[in-house]
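Open the model in a viewer and keep the selection panel at hand. The stops below go from the whole chain to single residues.

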Amino acid sequence: MLSYYTNAQVSTTYLNASFDECSKAKAIYIMNTETKGDTLVKQVFVKNKDILVLLVKSPVNDPTHIYQKTNYDDGTPKDEGVFIKGKKSGTWKYYSDWQRISFLKSFKDDVLDGPFAKFYINGNKAFETNYVNGDQVGQFTYYHMNGNLQ
């Protein structure tokens, strides 16, 4: 077994580029798993850099409800949201290279459902629309980069 335990609640696992378990020598990532109260927390770091690339939190008594935040290998945010029973649910935030939100997307059972918005690099909304069960409904509302309606 590649994991080792420092006590009954914390473990460390070594992962390769595909996030499969591997030996410490071949690892690119290190995953720490810890129980904090009623929450199971998994953190994945770039080996030897202390840069967080993945954070997963779930209630110990309900592992089907998971909050996940991923970062690029340089530590900047990539996306964050909730999985319920393995499917994206609620509002997800997607970040771009400039470290600001580039999209807000709403999901129900892994399907777009609810508000959908794209943002300019300055943080202002570029457009917004709505989805119901994966289908875009209603109008797109477009904005100028200064935030005014087009």
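A residue counts as buried when its relative accessible area is under 20%, as exposed when that area is over 50%, and as partly exposed in between. Keep in mind that this is a predicted model.

**Stop 1: a buried serine**

Select Ser96, in the loop between strand 8 (87–95) and strand 9. Its relative accessible area is 10%, so Ser96 is buried. Next, display the surroundings of Ser96: apart from neighbours within four places in sequence, the residues in contact with Ser96 are Tyr72 and Ser102.

**Stop 2: the whole chain**

Zoom out and colour by secondary structure. The protein chain has 12 strands and zero helices. Read from the N terminus, the order of elements is β-β-β-β-β-β-β-β-β-β-β-β. The radius of gyration is 19 Å, well over the 15 Å from the globule rule for 150 residues, so the protein chain is more spread out than a compact globule. Align the view to the principal axes; the C-alpha trace then spans about 60 × 30 × 25 Å.

How much of the protein chain counts as buried? Of its 150 residues, 32% do. Now switch on the surface: the protein chain exposes about 9300 Å², and 51% of that area is supplied by carbon and sulfur atoms. A contact map adds another figure. Among contacts with a separation of 6 or more, residues 24 or more positions apart account for 6%.

Colour by charge next. There are 18 positive and 16 negative charges in the protein chain, and the mean positions of the two sets are 3 Å apart.

**Stop 3: the largest nonpolar core**

Select Leu15, Tyr29, Met31, Val44, Val46, Val53, Leu54 and Val56, and show their side chains. These eight residues form the largest nonpolar core. Which elements give two or more residues to this core? They are strand 3, strand 4 and strand 5. Strand 5 gives the most, with three residues.

Stay with one member of this core, Leu54. Leaving out neighbours within four places in sequence, Leu54 is in contact with Lys42, Gln43 and Val44, and also with Gln68, Lys69 and Thr70.

**Stop 4: a threonine in strand 3**

Move to Thr33, which lies in strand 3 (residues 29–36). Is Thr33 buried or exposed? The relative accessible area of Thr33 is 14%, so this residue is buried. Add Ser11 to the selection and draw a distance between the two C-alpha atoms. Thr33 and Ser11 are 22 residues apart along the chain, yet their C-alpha atoms are separated by 5.2 Å.

**Stop 5: two loops with positive phi**

A backbone torsion plot is useful here. Most residues other than glycine have a negative phi. Pick out Asn48, which is not a glycine but has a positive phi, near 70°. Asn48 is found in the loop between strand 4 (39–46) and strand 5 (51–59). With a relative accessible area of 73%, Asn48 is exposed.

Then select Asp110, in the loop between strand 9 (101–108) and strand 10 (111–119). Asp110 is not a glycine either, and its phi is positive, at about 75°. How accessible is Asp110? At 43% relative accessibility, Asp110 counts as partly exposed.

Conventions: Residues are numbered from 1 along each chain as its sequence is written. This is a predicted model: local features need pLDDT of at least 70, side-chain atom pairs count only at pLDDT 80 or more; totals for chains, interfaces and linings use all residues. Side-chain values use heavy atoms; hydrogens and water are left out. Helices (H or I, at least four residues) and strands (E, at least two) are DSSP runs, numbered from the N terminus. The radius of gyration is taken over C-alpha atoms; the globule rule is 2.2 Å times the number of residues to the power 0.38. Buried means under 20% relative accessible area, exposed over 50%, partly exposed in between (1.4 Å probe, protein chains only). Contact means heavy atoms within 4.5 Å. Accessible areas come from the Shrake-Rupley method with a 1.4 Å probe; for residues, only the protein chains shown count as cover. Lys and Arg count as positive and Asp and Glu as negative; His and the chain ends are not counted. The place of a charge is taken as NZ of Lys, CZ of Arg, CG of Asp or CD of Glu. A nonpolar core is a set of buried Ala, Val, Leu, Ile, Met, Phe, Trp, Tyr and Cys residues joined through side-chain atoms within 4.5 Å.
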